[in-house]
Amino acid sequence: MRNWSRHVTFSAERNESPSSVGELRRLVATSTRIHALGTGHSFNEIADTRGVHVSLRGLRDDVDVDVDNGFAWLPSGMRYGEAARILDDRGLALHNLASLGHISVGGSVATGTHGSGDRNLTLAAAVVRLEMVTAEGDLVVLSREDDPDLIAGCIVGLGALGVVTRVGVLVQPRFDVRQYVIDDVPLDSVVHGFDEVFGSAYSVSFFTPWDPSRTGQVWMKRRDSQDAMDGSRTWSGGVVATQPRHPLGGHDPVNCTEQGGVAGPWHERLPHFRLDFTPSSGDELQTEYLVDRAAAPGLLQALDAIAPRLAPLVQVSEVRSMRADDLWLSGAYGRDTVGIHFTWRKTPEVLDILPELDELLGQGDGRPHWGKLFRTRPDALAQRYPRFDDFRELADRMDPDRKFRNDFLDTLLGP
Ligand SMILES: Cc1cc2nc3c(=O)[nH]c(=O)nc-3n(C[C@H](O)[C@H](O)[C@H](O)COP(=O)(O)OP(=O)(O)OC[C@H]3O[C@@H](n4cnc5c(N)ncnc54)[C@H](O)[C@@H]3O)c2cc1C
């Protein structure tokens, strides 16, 4: 069995998909090595195990709305896109989504997955309840009210603390979004007008292939009731696209969510890619650094300086913004954050540039995305995540026999 991009072959001795929480609890309690698997979209070995791979796809569980407390329980094994459709049918919405709805709720939350928007938290930071099976096989529920520090440590848990069965996420009334693409926006407009560009809509992404044109596409997602576009043909030095676009050159826009300012449900506009189509290129590797927002314009200039070496390796880069949160291992912990992402060509040379990239993007306290490729030394990670050592202690406390550990986590947290 392999991950989504098919370059990691999992080494599990067996795969299990329990059909009840009771069965899952027994499985966890009796296993010496076990690790949860979501939809396998991560680009490194974080989801691997040499023991039991447990998927929650078989748990017959539904979205359950707690109206009084303004949140909905989402099953961990469900894909975000499916949960979003169910919520929308009930007149509800999540605040944001990632670029695709194909990823599981549990896997996305465990790796700190995010979308974009100056005022939007990561998907993980909207979690207010966590239901999980611990190493002993107990079922526990943590809440923001009763266990504020513990839950902040457990939400981005990397699969190292237990198997999360459901997460309670904040919901709001459903809303419509209009998506616009602006072609040929100069990189200089983004660097020098960073706050204007990223503050221009509910969710903004800047895509660039680092080619000699030094331009890119801005994808804007505007909340229908709050901010419609004014009808001009140009914006920030670019031209408003009148035909559908794909963020990666040479790919069919049919895979992408509707653009051109046509209003539609939040879950069919906030992701870039349609749930029933292949997201992104499908033949790729990915890396992303979550950097201090204040450092982002300077870091984009530093990347521009090495653009001739990036361009042959990159299919596209994406820049997104997000609001600070308090989750110990979140890329956005403690400061407003910008994600600088690379969709690479699937070639081994990518691995050679990762240390240099880490040195460059680490300058803004850049934190590598847990689900993507990086080469950061664990001691450097401990400096960039202020609560990293607390997480190590928490992992030791919650999993003393280290049944949830894999090679990735042993390297990260110590053997
Ligand atoms: C095409 C593509 C686009 C992407 N776009 C974005 C994006 O827009 N924003 C972004 O931030 N990231 C993005 N990612 C990265 C992606 O969100 C993460 O890799 C995420 O972890 C994928 O979820 P998954 O279900 O596949 O997790 P997996 O890869 O299966 O697992 C990841 C980790 O989560 C843990 N985990 C899974 N389920 C559970 C559970 N029930 N309990 C405890 N731990 C669990 C696993 O043990 C593992 O450690 C993208 C990836 C791809 C392939």
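**Arginine 214 is partly exposed, with a relative accessible area of 33%.** Like everything in these close-ups, the residue comes from a predicted model. Look for arginine 214 in the loop that links strand E12 (203-208) to strand E13 (215-223). Its backbone is worth a second glance: phi is positive here, about 50 degrees, although the residue is not a glycine. Most residues other than glycine have a negative phi. Which residue of helix H7 touches arginine 214? It is aspartate 304, which also touches Leu187 and Trp210, not counting residues up to four places away in sequence.

**Aspartate 184 is another residue with a positive phi, in this case about 55 degrees.** Aspartate 184 is not a glycine either. This time the setting is a strand, E11, which runs over residues 176-186. Is aspartate 184 buried or exposed? The answer falls in between: its relative accessibility is 46%, so it counts as partly exposed.

**Helix H7, residues 296-305, has six names to find on its buried side: Ala296, Pro297, Leu299, Leu300, Leu303 and Asp304.** Imagine looking down the axis of H7: these buried residues fall within an arc of 160 degrees, so they line one face of the helix. Aspartate 304 belongs to this buried group because its relative accessibility is 18%, and buried means under 20%.

**The ligand sits among 37 surrounding residues.** The closest are Ala36, His41, Ser42, Ser104 and Arg320, so start your tour with these. Three serines are good landmarks for the polar details. Serine 42 places a polar side-chain atom 2.7 Å from an oxygen atom of the ligand. Serine 104 does likewise with a polar side-chain atom, at 2.6 Å from a ligand oxygen. Serine 99 uses its backbone instead: an N or O atom there lies 2.9 Å from an oxygen atom of the ligand. How much of the ligand does the protein bury? Taken alone, the ligand exposes 960 Å², and the protein buries 99% of that.

**Strand E2 (34-37), helix H3 (105-110) and strand E9 (163-170) each give two or more residues to the shell around the ligand.** Which element gives the largest share? Helix H3 does, with four residues. Sorted by class, the shell has 14 nonpolar, 21 polar and two charged residues.

**Proline 18 is tucked into the loop between strand E1 (14-16) and helix H1 (21-30).** With a relative accessibility of 2%, proline 18 counts as buried. Who are its partners? Leaving aside neighbours within four places in sequence, proline 18 is in contact with Glu23, Leu24, Leu27, Val54, Ser55, Gly58 and Leu59. To place this view relative to the ligand, take serine 42 as a guide: its C-alpha atom is separated by 22 Å from that of proline 18, and the two residues are 24 apart along the chain.

**Helix H1 has a buried side made of Leu24, Leu27 and Val28.** Seen down the axis of H1, these residues fall within an arc of 95 degrees, so they line one face of the helix. Turn to the other side of H1 and you will meet Arg26 and Thr30, which are exposed. What covers the buried residues of H1? The cover includes strands E1, E2, E3 (52-55), E7 (127-133) and E9.

**Helix H11, residues 388-398, buries Phe388, Phe391, Leu394, Ala395 and Met398.** Around the axis they cover an arc of only 115 degrees, which puts them on the same side of H11. The face turned away from that buried side carries the exposed residues Glu393 and Arg397. Covering the buried residues of H11 are, among others, strand E7 and the helices H4 (148-154), H10 (378-384) and H12 (407-413).

**Arginine 129 is a buried residue, with a relative accessible area of 12%.** Find it in strand E7. Which side chain makes a polar contact of 2.9 Å with the side chain of arginine 129? It is the side chain of glutamate 145. Not counting residues up to four places away in sequence, arginine 129 also touches others, including Asn69, Phe71, Trp73, Leu142, Ile151 and Arg166.

How values were computed
Residues are numbered from 1 along each chain as its sequence is written. This is a predicted model: local features need pLDDT of at least 70, side-chain atom pairs count only at pLDDT 80 or more; totals for chains, interfaces and linings use all residues. Side-chain values use heavy atoms; hydrogens and water are left out. A residue is near a molecule or strand if one of its heavy atoms lies within 4 Å of it. A polar contact is a pair of N or O atoms within 3.5 Å; within protein, one must be able to donate a hydrogen and the other to accept it, and residues adjacent in sequence count only if both atoms are side-chain atoms. Accessible areas come from the Shrake-Rupley method with a 1.4 Å probe; for residues, only the protein chains shown count as cover. Ala, Val, Leu, Ile, Met, Phe, Trp, Tyr, Cys and Pro count as nonpolar, Asp, Glu, Lys and Arg as charged, and the others, Gly among them, as polar. Buried means under 20% relative accessible area, exposed over 50%, partly exposed in between (1.4 Å probe, protein chains only). The arc is that of the directions from the helix axis to the C-beta atoms. Contact means heavy atoms within 4.5 Å.
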